Amino acid sequence: MNGGEISSLNRSFLLGLLDDGRRSDGRTLEESRPLTMSTNVVSTAEASVEINLGNTLAIAGLKVSKGAPYPDRPSEGVLNVNIELCPMASPDFELGPLKPDAIELSRTIERGLHDANVIDLNGLCIEEGEMVWVVYIDIYALNFDGNLQDAGFLACLKLLSEIEGRQDEVFGEGSSNIIDLSARPISVTMLKIDEHILMDPSDEEESTGSARMTVTVDSEDNVRTVHKSKGGQFDGDDVIRCVRMAKVVAQQRRDQMF
Amino acid sequence: MNGSEDVTDLVVPGDTLGEEGMVPGYGTIKRGDDIISTRIGLVSVRGNTVNVIPIRGKYLPRRDDLVIGTVREYSNTNWSFDLNSPYTAFLHFKDVPWDVDFGETGEYLSVGDAAILRITDVDVRYRTTVVLNGPGLKKLNGGRLVKINPTMVPLVIGKNGSMISVLKGATSCRIFIGQNGVLWVDGEPEDVDLVLGALDLIERRCYSKQLNKEIELYFADARMFH
Amino acid sequence: MAQDPHSSYELTDSDTRWIEQMEMKIGRIGRADGSCQVKLGGNNVICAVYGPREVYPRHLQDSLKAIVQCKYNLAPFSSQERKRPGPDRRSTEISRILGEALEEVMFVQRYPKTSIDIYFEVMEASIGIRWLSLVAASMALVDAGIPIKELASGCSVVVDGSGPSIEPPSELSPEQTLVEVGTLGDSDKFIMFQVDGGLSQDDMSQTMDVAQAGSKMVYDMQKEMIRGHFAQLSESDEEVGQ
């Protein structure tokens, strides 16, 4: 199936299915696609992961280096998340306009991680005003079938969990508390199409729908971050439904990852 | 059923084919005295000619083909259609079953609409012309569009339409298949799913000499669990 | 065989053991028309092909043939020192070299006004990444059903005082010369030829022999791999069905 230019026939067909509580890949509206991850796929990164969320495939690597801090935050290190929308990932990417917004995706992921306090930026400081650790996470989207938001976030989570146990090695002795994943935050993204809320949208669905909502839930079932994107409107009921659905899927993903 | 014995005919680009004295046909080139395959596909020998029937590749428009296209854009006097091909097709506003005035094109067919079309002309640069007026040609409503590998179209149609009849009969779906690898399927959702499953099976088992039997089995199994 | 390889070099056990480790996986990128991932030693590259398809941007269109657009990119985590994302001069140069080599094997005249887009994303780069990328591309072209004259193969040879070897070191020392080639199948024709370092006339001849022998082994592996992949696709239903 192609995203981008979906024919009106298929659009009507998709909407008809939704009215019956089904989706074109056979899922229910609340179901997420299968999630698989394998680590250590690249030996040149401090940590690496290959993630599959349905047909969405990305390979991400974490690297650290020393650098100067931002002038307005002299005692803080930096976490830099960068999502790359590789032209190979979709026939629509090379054309430009139909591409997801990589910067928005990257920023939302960074915010989700910060709001869950997974990384202590002050702990990354080596010499105030002079030198700090910079943690780079580069996520290469290689095959796109929607929801890079969650795929990217979960990849970051996996990478951080890979180095959580060996922070001494990565950041030097005495650095055992910089990364703290005890909150086990999980990102869950949903899409609104007419009055339906769909969990973990595919590319075809993202092209059809309007508003998107990403919710980050922690292990105590608290909502840490909420991000609405892509125009459209959510009303109060929608938000409540989203949060309810998100908590279920967050727990499933959490069980799988930790 | 062992799959591998059915794939001895599979050739890859660079393979030498045929015997001395044979003539290079479709999907092959001559290199010195040898005939070489340029495609991944199945060898088919007709008389003295060695051909390779590709199992992968894009659809290139051919005159007289019936195809399913989707409107990409339109002007005051014509529409351009996506044919699931590197080449788009043009439909002139007079070649339709309606009385369309200059500038009214969008009221009859707009972006995203699909239709069964006939290709009437393809020039040397693949500039392609289609018509919508003619037997069997029409704008499509309802149902859904499915894309398959265009090289599989002959298999899905079958000898004298045998395979596509089986698909229609077993599912009560209305099905139309375009030469460009786009199908239109209309029926109950469970039946449409069955058709999709059958198409998937055909693509994967394209080498099999037992394909008809396998499809029969597939539908028999499906009926059992229905 | 279509053409007898002219190589008089016989691969050593260590050469063979090295090349045998090459892994190739076709079809990883489902959205693309064709794709292949290739890994060997410290190299890991994914190639995906779209085409022939409409040219974008339109003004680059050639009314007489397909244009070949090749984009080679290194992921920031592909080397020990993080590389900033985005094209650099070396990647641009490699894009051009690979594009020219691949155009040699395609029939661009058959698809006027279209583009054949070939993308490389390198996950991990070491010595030999160029010829491995070429191999990945030729498999991706086959997967895409784009007709080609022959599979592009290749090999790299490192030459120093102790002679030529196919297995590369992790880093080139100043006394070592790297020769990296792309070949038209198992023939004696080179579609890519890169030498980094100095090479005497004598060494050149012998090195080409070694490279050709290596390429032939790679070529045989490619063919087997393609057949295996497409046969396996048709069998996968069997296991599920039984």
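Two residues are in contact if their C-beta atoms, placed from the backbone, lie within 7 Å. The exercises below concern a predicted model, in which local features need pLDDT of at least 70, side-chain atom pairs count only at pLDDT 80 or more, and totals for chains, interfaces and linings use all residues. Residues are numbered from 1 along each chain as its sequence is written, while chains are lettered from A and ligands numbered from 1 in the order in which they are written.

**Exercise 1.** Determine how many residues of domain 2 and of domain 3 of chain B are in contact, and which elements of domain 2 contribute.

*Solution.*
- Step 1. Chain B is divided into domain 1 (4-54), domain 2 (66-139) and domain 3 (144-224); these bounds come from an automatic or database domain assignment.
- Step 2. Between domains 2 and 3 of chain B, 8 residues of the former are in contact with 9 residues of the latter.
- Step 3. On the domain 2 side, strand S8 (66-74) and strand S11 (114-122) of chain B give two or more residues. Helices (H or I, at least four residues) and strands (E, at least two) are DSSP runs, numbered from the N terminus.
- Step 4. S8(B) gives the most to this side, with 3 residues.
- Step 5. By class, the domain 2 side has 6 nonpolar, 2 polar and no charged residues. Here Ala, Val, Leu, Ile, Met, Phe, Trp, Tyr, Cys and Pro count as nonpolar, Asp, Glu, Lys and Arg as charged, and the others, Gly among them, as polar.

**Exercise 2.** Establish which residues of helix H3 (residues 162-171) of chain B are buried, and which are exposed on its other side.

*Solution.*
- Step 1. A residue is buried if 20 or more other C-beta atoms lie within 10 Å of its own, exposed if 12 or fewer, and partly exposed in between, with C-beta atoms placed from the backbone.
- Step 2. The buried residues of H3(B) are B:Met163, B:Leu167 and B:Thr171. They lie on the same side of H3(B) because they cover an arc of only 45 degrees around the axis; the arc is that of the directions from the helix axis to the C-beta atoms.
- Step 3. On the other side of H3(B), B:Ser162 and B:Gly169 are exposed.
- Step 4. The cover over the buried residues includes helix H2 (153-157), strand S15 (174-177), helix H4 (189-204) and helix H5 (211-224) of chain B.
- Step 5. Just after H3(B), B:Ser172 takes a positive phi of about 55 degrees.

**Exercise 3.** Describe the contact between chains A and C by residue count, element and class.

*Solution.*
- Step 1. Chain A contributes 26 residues and chain C 24 residues.
- Step 2. Strand S3 (56-67), strand S4 (78-85) and strand S6 (131-143) of chain A each supply at least two residues of the chain A side. S6(A) gives the most, with 5 residues.
- Step 3. The chain A side divides into 13 nonpolar, 9 polar and 4 charged residues.

**Exercise 4.** Assess the radius of gyration and burial of chain C.

*Solution.*
- Step 1. Chain C has 4 helices and 9 strands.
- Step 2. Its radius of gyration is 18 Å, close to the 18 Å that the globule rule gives for 242 residues, so chain C is as compact as a globular protein of that length. The radius is taken over C-alpha atoms, and the rule is 2.2 Å times the number of residues to the power 0.38.
- Step 3. Of the 242 residues of chain C, 52% count as buried.
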